[in-house]
Amino acid sequence: MAHLVFEADLHGLLKLDTPIPNAPLARWQRKAKESGAPGPGADAGVSPMKPANRLPSGSKTPGRTPGKSASKIQSTPTKAGGDRYIPNRSTMQMDMANFLLTKENDPAEDSPTKKEQQKAWAVNLNGFDVEEAKILRLSGKPQNAPEGYQNNLKVLYSQKTTPTSSRKNGRYIPSMPDRILDAPEIRNDYYLNLIDWSSQNFLAVALDNSVYLWNCTSGEIIHLLQMEHPDDYVSSVSWVKEGNYLAVGTSNAEVQLWDIQQQKRLRNMVSHSSRVGSLSWNSYILSSGARTGHIHHHDVRVAEHHVATLSGHTQEVCGLKWSLDGRYLASGGNDNLVNIWPATQGDSGDYAPVQTFTQHQGAVKAVAWCPWQSNVLATGGGTSDRHIRIWNVCSGTCLSAVDAHSQVCSILWSTNYKEFISGHGFVQNQLVIWKYPTMTKVTELRGHTARVLNLTMSPDGSMVASAAADETLRFWRCFEMDPIKKKEKEKANSAKTSIIHQGIR
Amino acid sequence: MARQAVREQQGITLRGSAEIVAEFFSYGINSILYQRGIYPPETFTRVQKYGLTLLVTTDPELKNYLNNVVEQMKEWLCKCLVQRLVVVISSIESNEVLERWQFDIECDKTAKDETVPREKSQKAIQDEIRSVIRQITATVTFLPLLETACAFDLLIYTDKDMAVPEKWEESGPQFIANSEEVRLRSFTTTIHKVNSMVAYKKDSFP
């Protein structure tokens, strides 16, 4: 996570009242080192104040789970600087520093009461007297990992672009996007679902507190809505199947329904208590997933829209998809769980998941149902997991799993070629097309300079649009049907329908 | 499974609490070894525990080693003699400590004399343990990559006057110089409380 380290370092440097790393030792430190100041082996010569020697340096308590959010961790300076330059006099304990500098640091000179005091402090802070504790180590270490074993995580950080293999793809997939659009102010938040492509060929994009519609046929841009409060933002967008209504989830827990023809808001459904990061339609039922982990079903035709609550996640629901036949709802959360919900309530009147998959080691945002095989679901895990898993939801088995070596943000299936495409983050920010069911890589689409956040597919299934943290939308023509093959397919489809007609006779 | 069900009805006893905490350490240490890449991932297998899929090692020597520690921990936890468990990850060539996982244990000594078990549901404890393990898994997003091959060490802080059992030897604390620290969630069984944190070497800017 080089960029996080860089940012943290930048902040550290700009703050100026924390000790400057890699600075030459101050005179008092050098003196202490020369006189061979006692202290625990690795800590020698760093901190001037005695009780600090017993404590680990610079503790900080992040308010949220580390690694799960993009915010930076503030560190509190505990030691007076390592340099003569004093940038912030108010935080320096000048009297203490002066005293310690002038008097030669000799621990034996401590009065007994002082020792008692220090001991009391140590017990208070550590919970036990560290001096009194004995540290034991189990001897006879187990065999280390075999020679030549390299930490596989290194692959994450040092991935080099593999040269295009001599493998014949069977079709030409352009490596450059068809089109690149600007998406300024797009929120770089992994857990949101900010783009969706309608069956009427409109692309809805949520940019911070506004939603824009891009007419793919004419190129026209419509500014559909803007949040009233400047601090609020749009957290998810989803088109109804017919493409005339757009559902919008917001950071202030609202689910809004907009009519595109009239560009008017039809409904504002409030039932959640935290931001709505995921939405999915099942004819007239709109399901919404919130930061609390709850999923609500809304019947948009009636006034009492909130018809059901599904509680299966303890953290934010970031992936939500109804199966194409409307029988199951798949949800993925920040708690690393994937739940499969039935469309109807159980005997007790409550919704309980028919399956729960715990194998992912990271947040599951990428959730996609296979369009040509019923009950097959693909899921992808976040940074801690990096795996794509294919499941059979009836039997609950994991049909296959593949390590994608990078955070998976989205998966889309393509009927045209029996493949699926996944969007990734650090290091390459690429889109990977995989062949199903062999799970081999067909190709990788590179171009984004920051992590991919969302993927969506065009109504004809030939193009995939990707939104990334580099504030661009790229359109990839990766599933374009060969015109000859297309005609064959249409012929096959029409043949099928005539057989059905004969059957009914 | 039956034992667990019985335990649920009975509440938490000192022995039960020691078992829960020792079990947590076993799975926690396995998770750390897998996530930090100390051992090849192929040597780990998935098991279901705490409602999660956890990875535990299949290497027989390592399994043996960890079992010894866990058994010893159980004993000491029962007698409230252990204060801290530390997993030290150091580079094999330079012997430099790169990461230090510290689990502080607070033991309620009054529980030793109690006959009535304490009230806390297994489920609540499991939920808390689950959060800690998930946090350990998520730490890979900010912990610096361990470039060189690493080995791990287990340190236990006990009372000064405790006799050193065979197979164990005294050691130093093996702190990290210039470390960055992150405190993780804690869990409690009402008799034992475990606080977790990880300290890692601050990345020096090239």
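Begin by selecting residues 134–138 of chain A, which form strand β1, and then add β6 of chain B, since in this predicted model the two strands pair in the antiparallel sense over 3 bridges. To look at one of these positions, pick A:Arg137, whose bridge partner in β6(B) is B:Glu169.

Next, widen the selection to the whole sheet, an open one in which 7 strands follow the order β6(B)-β1(A)-β5(B)-β3(B)-β4(B)-β8(B)-β7(B) with antiparallel pairing. As background, the strands of a sheet pair through backbone hydrogen bonds, either parallel or antiparallel. Select residues 168–170 (β6) and 179–188 (β7) of chain B to find the edges of the sheet, where each strand has a single partner, so that one side of each is left without a neighbour in the sheet. If you look from strand to strand, neighbours in this sheet are turned against each other by 25 degrees on average, direction ignored.

Now add residues 60–78 of chain B, helix α3, which lies across β1 of chain A and across β3, β4, β5, β6 and β8 of chain B, and which runs at about 15 degrees to β5(B). Then select residues 122–138 of chain B, helix α4, which packs on the sheet by touching β4, β7 and β8 of chain B, with a direction that makes about 160 degrees with that of β7(B).

Finally, move to chain A, where an unreviewed UniProt entry lists "repeat: WD" for residues 227–268, 310–341 and 445–476. Residues 310–341 of chain A are 0% helix and 56% strand, with end C-alpha atoms 8 Å apart, while residues 445–476 of chain A are 0% helix and 53% strand, with end C-alpha atoms 8 Å apart.

How values were computed: Residues are numbered from 1 along each chain as its sequence is written. Chains are lettered from A and ligands numbered from 1 in the order in which they are written. This is a predicted model: local features need pLDDT of at least 70, side-chain atom pairs count only at pLDDT 80 or more; totals for chains, interfaces and linings use all residues. Side-chain values use heavy atoms; hydrogens and water are left out. Two strands pair if DSSP finds at least two bridges between them. Helices (H or I, at least four residues) and strands (E, at least two) are DSSP runs, numbered from the N terminus. Axes are lines fitted to C-alpha atoms, for helices over the stretch in contact, and angles run from 0 to 180 degrees between N-to-C directions. Contact means heavy atoms within 4.5 Å. UniProt positions are given in the numbering used here, feature names are shortened, and annotations may be inferred rather than shown by experiment.
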